[in-house]
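Reader: I have a fold open on my screen and I'd like to learn how to read it. Can you walk me through it, feature by feature?

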Amino acid sequence: TLIDYRQHGGNVVGVHSDTLHRRVDRVLEPRAGRNRGLAQRAEDLLARARELGVPAERLELLQAKAAFEAARAGLPAVRLARLPRIARLAASGGYGRLASQGRLDILRDLLQPA
């Protein structure tokens with residue numbers, strides 16, 4: 001079944017344009033619940049993929065994603081203390097390969113309040 005969905009300026013829900021203001025708001029939103037949710041979702045996806053017998057090379061990517069999101073969820077509350085861990089995740093290519101927003105997620109992890 002195909003659904004025709006139209007976006008317009010009066011929509012209450014749906015896709016919004018990605019303005020600078022919205023990006024700044026996203027970077028500064030509290031991180032704890034969001035990051036725990038991402039970690040849990042990645043772990044659930046990995047478990048389901050194992051149940052379904054997903055090929056090993058795909059499982060490796062899902063394992064890397066789950067480990068990456070768990071590391072992000074475990075970042076310290078103190079922003080300065082996050083820096084070494086974030087630097088290691090960035091140096092290993094995690095943000096480029098496994099984060100949806102890449103460099104923006106580095107900023108988000110550095111700046112978001114706990």
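Author: We'll start with the whole chain, then turn to one helix, one helix pair and one residue. Keep in mind that this is a predicted model.

Reader: Fine. How many helices and strands does the chain have?

Author: Six helices and zero strands, so the pattern along the sequence reads α-α-α-α-α-α.

Reader: And what share of the residues counts as buried?

Author: Of the 114 residues, 26% do. The accessible surface comes to about 7,900 Å², and carbon and sulfur atoms hold 59% of that. As for contacts with a separation of 6 or more, 65% of them join residues 24 or more positions apart.

Reader: Let's take a single helix. How far apart are the end C-alpha atoms of α4, and what span should I expect?

Author: The idea is to count 1.5 Å a residue, taking one less than the number of residues. Helix α4 covers residues 79-91, which is 13 residues, so the expected span is 18 Å. Its end C-alpha atoms are 18 Å apart, in agreement with that.

Reader: Where does α4 bend?

Author: At R85, by about 30 degrees. Just past the end of α4, G93 has a positive phi of about 90 degrees.

Reader: Which residues of α4 are buried, and what do they pack against?

Author: R82, I86 and L89 are the buried ones. The buried residues of α4 pack against three helices: α3 (56-73), α5 (94-98) and α6 (103-111).

Reader: Now a helix pair. How do I describe the way two helices pack?

Author: You give the angle between their axes and the distance between those axes. For α1 (residues 20-28) and α6, the angle is about 50 degrees and the axes lie 8 Å apart. That angle makes α1 oblique to α6.

Reader: Which residues meet there?

Author: From α1 you have R23, R26, V27 and L28. On the α6 side they meet L104, L107, R108 and L111.

Reader: One last residue: is Q112 buried or exposed?

Author: A residue counts as buried when its relative accessible area is under 20%. Q112 sits in the segment after α6, and its value is 0%, so Q112 is buried.

Reader: What is Q112 in contact with, leaving aside neighbours within four places in sequence?

Author: The list includes R26, V27 and L28, which also belong to the α1 side of the helix pair. Q112 also contacts E29, P30, R31 and N35. R79 and R82 complete the list, and R82 is one of the buried residues of α4.

How values were computed:
Residues are numbered from 1 along each chain as its sequence is written. This is a predicted model: local features need pLDDT of at least 70, side-chain atom pairs count only at pLDDT 80 or more; totals for chains, interfaces and linings use all residues. Side-chain values use heavy atoms; hydrogens and water are left out. Helices (H or I, at least four residues) and strands (E, at least two) are DSSP runs, numbered from the N terminus. Buried means under 20% relative accessible area, exposed over 50%, partly exposed in between (1.4 Å probe, protein chains only). Contact means heavy atoms within 4.5 Å. Accessible areas come from the Shrake-Rupley method with a 1.4 Å probe; for residues, only the protein chains shown count as cover. The bend at a residue is the angle between axes fitted to the seven residues ending there and the seven starting there. Axes are lines fitted to C-alpha atoms, for helices over the stretch in contact, and angles run from 0 to 180 degrees between N-to-C directions. Angles under 35 degrees count as roughly parallel, over 145 as roughly antiparallel, 65 to 115 as roughly perpendicular and the rest as oblique.
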